[in-house]
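Let's take a walk through this one together. Have the viewer open and follow along.

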Amino acid sequence: MNSLIELQRLTKVYGDDPEAQVFALNDLSASIQYGEFVAIMGPSGSGKSTLMNIIGCLDRPTSGAYLLDGRDVSGLEKNELADVRNQKIGFVFQSFNLLPRLSALDNVLLPMLYDIHVELSSEEQYTRAAEALASVGLEKRMHHHPNQLSGGQQQRVAIARALINRPPLILADEPTGNLDSKSSVEIMDLLHTLHQSGVTIVMVTHEPDIAQHAERIICVRDGQTVDDGHCAEKPL
Amino acid sequence: MKFQKILRIAWEGLMLNKVRSFLTTLGVIIGVASVIVMMSISAGAEAAIAEQINSLGANLLIVSPMRGVPGAARTLLYEDAFAISEQVIGISGVSAEQAPAPQTVKANGTTLESISIVGTTADFPAVRDYAVAEGTYFTEAENDRKLKVAVLGAGLAKDLFGEESPLGQSITVGSTKLTVIGVMQTKGVVADIDYDGRVYLPISVVFQKYMTTGSVMRADAVRTIYVKVESQEKIDSVTTQITSLLATRHDVDPAKPDFTIQTQQDIIATQEAATAAFRDLLAWVAGVSLIVGGIGIMNIMLVSVTERTREIGLRMALGARPNDVQTQFLLEAIILSLVGGLVGVLLGVGGSLLFCAFGEMRTALVPLSIPLAFGAAAAIGIFFGYYPATQASNLDPIVALRHE
């Protein structure tokens, strides 16, 4: 067994009333290997966001097992989930989610603040953040604030932030959704570079041409995976 | 390490909106400062009362009829004062006092209504530490001869005679003509009595001229006998002697006397009991303003949590535990209240000193009030910060991240 992500018969049910229950995920199973670059696609209401939240350890499945990096995280409590997110997952959001009052460098340093395992000195943390920013090509913008950076640059800061704790998984939610096409290309190139360096990337998107950048596409519909590998989203 | 970082985040969060943070702490600042100022004002008032009562004369015992005992006011007599001065060992003076109804005083073309008059004995200035400033006090012999003389309070002398010397002048008190032989030094108001506005007469004259008509009192009953004790150590012994002497003279059980013997300490305690209610009220008002300040902190923290919901969601996604978020917001509230407490202490101490230096009011800083007010501010920060901080830590990161 060599999967980074192993999803076994996941269900996620909303609502307590048995008459009005909604099955956002319905007996969904999938696995993602170390080093893969996977896109998750699906129309709205397909359960794609729920799946992403569970993969990102922001939410827990109602039933089923989720093994991340060899550990079942489906039943962890809030504090443990926070630690898993900190150690195992680097988030990249559609809207960047940088803190406007912090410099690029301080934004990148944020996840280290909550890192309970590694006790690096301030200098070591600084060096690591500077390296992460350099790896996304922003070594000259370290002390800029988000409002002094373009959208593409902001997303690159966010990617540097996702990399800082060296997690095995990068989870990108519509990473190009707020970007123009030129910046989108830059960001996708950056994700490719990261993938080639060995990082596992899971990307949620509804844009087929963005999804084409991935090695594999997982298509979600009605809370289940369908036609793994050949998912063309129908326009609504 | 982590705590320090979260502390820094909390501080940065507050610096994000300096004006708002300042206005929020203002409530605590005012609360803490008012607690300290209020306490120092009431402590100052109490110190002033104690000082004034001590200025009535050192090592003084005050013998007066027992209140609430029928007829007791008629049993404390001028002869009792004589008996005390002759038979009690360890005293240096006895002054009996009787105060009839206020009288109209006329002199030098001026008429003053309702002036307090006090009949005293010759020991009065010595026993009460209240010296004559000009002229002389009457002697024991003059008292015995019922000489029609008067000594004026400093204020009254000025009201009647202005800059002119009152010595040798004649005044009419009620319907009796008296000659002024002295003016007392300025003493002021002590325990609600304006010493400077009174006329001091030989007690024999008071008995003869002012206490007779239509009174159920015996003409030689006295209101108070002041006994000056030689030293502090003899107070207990003198008290015992007077108690048994007067009990015998009045034919009452010493355990149930018809008179009371008070020391100045007793009077100070009585006065303090009277001001205690006022002092407590002040403390409560100040305490309420502290609580209002705390509510202000809670209010702003709740606004802050709502405003920063997305930031909270992001921090949680990046690995902040609910506890970390709670700590962050709790620290913000505690910083607000501690800074408020600190500034409030400075303002309160400064305010008390300024009041004392430039105001009419006397203040005495109560050292205990500083840790008390500061501690209350810290407790308020924790108490009122807990709810917003818990709200923040209970946010669902998914919902919080989607918050606009």
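**Contacts and two unusual backbone spots**

B:Lys146 is a good place to start: with 15 other C-beta atoms within 10 Å, B:Lys146 is partly exposed. Keep in mind that this is a predicted model. To find the residue, go to chain B and look in the loop that runs between helix H5 (140–144) and strand S7 (149–152). Now check the backbone: B:Lys146 is not a glycine, yet it has a positive phi, about 50 degrees.

Chain A has a residue worth the same check. A:Cys57 has a positive phi of about 60 degrees, again without being a glycine. A:Cys57 sits in a loop too, the one between helix H1 (48–55) and strand S4 (63–68) of chain A. Is A:Cys57 buried or exposed? The cut-off for buried is 20 or more other C-beta atoms within 10 Å, and A:Cys57 has 26 C-beta neighbours inside 10 Å, so it counts as buried.

Next, zoom out to where the two chains meet. Here 19 residues of chain A are in contact with 16 residues of chain B. Which helices of chain A supply at least two residues each to the side that touches chain B? They are helix H2 (78–88) and helix H3 (104–113). H2(A) gives the most to that side of chain A, with six residues. As for chemistry, the chain A residues on the side touching chain B divide into eight nonpolar, seven charged and four polar.

Terms used
Residues numbered from 1 in each chain as written. Chains lettered and ligands numbered in written order. Predicted model: local features only at pLDDT ≥ 70, side-chain atom pairs only at ≥ 80, totals over all residues. Helix = DSSP H or I, 4+ residues; strand = E, 2+ residues; numbered from the N terminus. Buried ≥ 20, exposed ≤ 12 C-beta atoms within 10 Å, placed from the backbone. Contact = placed C-beta atoms within 7 Å. Nonpolar A, V, L, I, M, F, W, Y, C, P; charged D, E, K, R; others polar.
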